[in-house]
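Dear colleague,

I am handing over the structure below for your use. My notes on what was found in it follow directly after.

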Amino acid sequence: MGDQTFPFPIISFEPFLKGGADGKAKVAEQLYDAFHTYGWVYLKDTGISEEEIDNMFKYSKRFFDRPVEEKLKHQVISAAYSQGYTADGAESSDPKGGRSHKECYEHRRFHNDLCPVAGGEDHFREFADEFFQKCLSLATEVLRALCMVLGIPQTYWDDKLAKADPQLRFLRYMSIPKETLEQPGHYRINPHTDYGLCTLLFQDQVGGLEVDRFHDGKFVSATPIRGTCVINVADLLQRLSNDKLRSTRHRVMQPRSDPTADGMLPTRYSTAFFVHPDPATMIVPIVKDGETTPYQPVNAGEWRTMITSRNYGFMWA
Ligand SMILES: O=C(O)CCC(=O)C(=O)O
Ligand SMILES: [Fe+2]
C-alpha cells in the first residue's frame with residue numbers, strides 16, 4: 001500500500017481552546033472519530049507554537065550532547081521512579097528481546113532528584129519543567145474534550161490529574177549505519193503501544209515513525225508536520241473506554257524516503273509526553289448498557305510500575 005495521501009486526520013484544536021460550545025463539540029467529535037478509528041491524530045493550533053517546539057529540540061540536543069559519563073550520573077534507577085537517563089539499548093518493550101537504538105531522558109514533576117541540577121549551564125531543568133506544564137495543559141484539554149463524547153462529566157479528570165505524574169521523555173536516535181537497522185530485531189524503537197492514558201509526541205523533520213493504523217500489521221508512515229503535535233491513545237484509555245478508543249502500535253524505523261548517501265541514518269530527535277493519571281486512580285471501564293468488557297479494573301500506579309519494570313527490567317536484574 002502506498003501512502004500518497006496523508007493517512008491521518010489533522011485537526012485544529014483552536015475551536016476547542018477558544019471557541020464556543022459548538023466549536024468545542026465539533027472538535028470533540030473529530031477527536032473521538034480519529035481515536036476510535038486510528039487511535040492517532042495530528043493536532044495543530046495546540047497553544048504550543050512552532051518556535052517553542054524548535055526551542056525544545058535545541059534544549060534536547062544540548063542535553064544529549066553532554067559527555068556520556070555526565071549523562072550516566074542521571075541514570076534511571078527504579079521503575080517506581082522512572083526519572084533520568086537511559087543509554088543506547090537500555091530500554092525495550094519488545095518481548096522478543098529486540099534492540100532499540102536510542103537514548104532517552106525522562107523528566108517528571110515529582111521525585112525530581114535525578115534531574116540535571118537546577119540552574120545548570122543551560123537551565124535544562126527549568127526549561128523541562130516549563131515545557132512539561134505546557135504539555136500537561138494541552139493533555140488536560142484533550143482529555144476534557146473526550147469527556148463530551150464518552151458521556152462522562154467535564155470534571156471527571158480533575159482529581160485524577162491534580163496529582164498526576166506524567167513523563168516528559170526526550171529521545172535521541174543516534175546516527176547509526178543503515179545496515180544495523182536492517183538486521184532482524186533492530187529498531188530505532190520497537191513496535192509497542194504506550195501504556196498511560198494518551199501520549200503527546202513532537203518529532204523533528206527526519207521521519208521514520210510508523211503506525212499500525214488498523215491493527216493489522218501494516219505500518220504506515222506518520223510523516224512529520226511542522227508545528228503539529230501527534231496524539232495517540234494509550235492502553236489505560238483503551239481500557240477505560242472499553243475499546244472505543246484504540247491504543248495503536250507504533251515503531252520508529254529508518255525513514256522510508258531516505259537511504260543516506262554514506263549509509264548512515266541521520267540523528268533523529270523526538271519528545272514524548274506520556275500522560276499517566278494520579279497513581280491512586282482506579283481505571284474502571286465505562287460499560288454502556290448492553291455491553292460487556294474484557295477488562296478488570298486496574299490501579300494506574302501499579303499498572304505503570306509493572307510495565308516500566310518490564311521495559312527496563314534487565315537494568316536492575
Ligand atoms: O520517537 C518517536 O517518534 C516515538 C517514540 C515513542 O513511541 C515512545 O517513546 O514511546
Ligand atoms: Fe510510543
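Helix H5 (residues 124–150) lies across six strands: S2 (40–44), S5, S6 (167–173), S9 (198–203), S12 (229–233) and S14 (268–275). With respect to S6, helix H5 runs at about 115°. Please bear in mind that this is a predicted model.

The strands just named belong to an open sheet of eight strands with mixed pairing, in the order S1-S2-S12-S9-S14-S6-S5-S3. At its edges stand strand S1 (10–12) and strand S3 (84–86); each has a single partner strand, so one side of each is left without a neighbour in the sheet. From one strand to the next, the twist averages 25°. At the S3 edge, strand S3 runs antiparallel to strand S5 (residues 103–107), and three bridges join the two. Tyr85 is found there opposite Tyr105 in S5.

Helix H2 (residues 21–37) also deserves attention. At 1.5 Å a residue, its 17 residues should span 24 Å, and the end C-alpha atoms are indeed 24 Å apart, which agrees. The buried residues in H2 are Val27, Ala28, Leu31, Tyr32, Ala34 and Phe35. Because they cover an arc of only 165° around the axis, they are on the same side of H2. These buried residues pack against S1, helix H1 (14–18), S2, H5 and S12. The face turned away from the buried side carries Asp22 and Lys26, which are exposed. After H2 comes Gly39, whose phi is positive, near 75°.

Finally, the structure contains a metal site. Which protein residues are the donors of the iron ion (ligand 2)? They are His192 (NE2), Asp194 (OD) and His250 (NE2), which lie 2.1 to 2.2 Å from the ion. Along the sequence, these donor residues follow the spacing H-x1-D-x55-H. Asp194 is in the loop between strand S8 (189–192) and S9, whereas His250 is in strand S13 (residues 250–252), so this pair ties together parts that are 56 residues apart in sequence.

Are these two donors, Asp194 and His250, buried or exposed? Residues count as buried under 20% relative accessible area. Asp194, at 5% relative accessibility, therefore counts as buried. His250 has a relative accessibility of 6% and therefore counts as buried too.

With kind regards

Key: Residues numbered from 1 in each chain as written. Chains lettered and ligands numbered in written order. Predicted model: local features only at pLDDT ≥ 70, side-chain atom pairs only at ≥ 80, totals over all residues. Heavy atoms only, no water. Pairing = 2+ DSSP bridges. Helix = DSSP H or I, 4+ residues; strand = E, 2+ residues; numbered from the N terminus. Axes fitted to C-alpha atoms, helices over the stretch in contact; angles between N-to-C directions. Contact = heavy atoms within 4.5 Å. Expected span 1.5 Å × (residues − 1). Buried < 20%, exposed > 50% of the residue type's maximum accessible area, 1.4 Å probe, protein only. Arc of directions from axis to C-beta. Donors = N, O, S within 2.8 Å, 3.2 Å for Na, K, Ca; no water.
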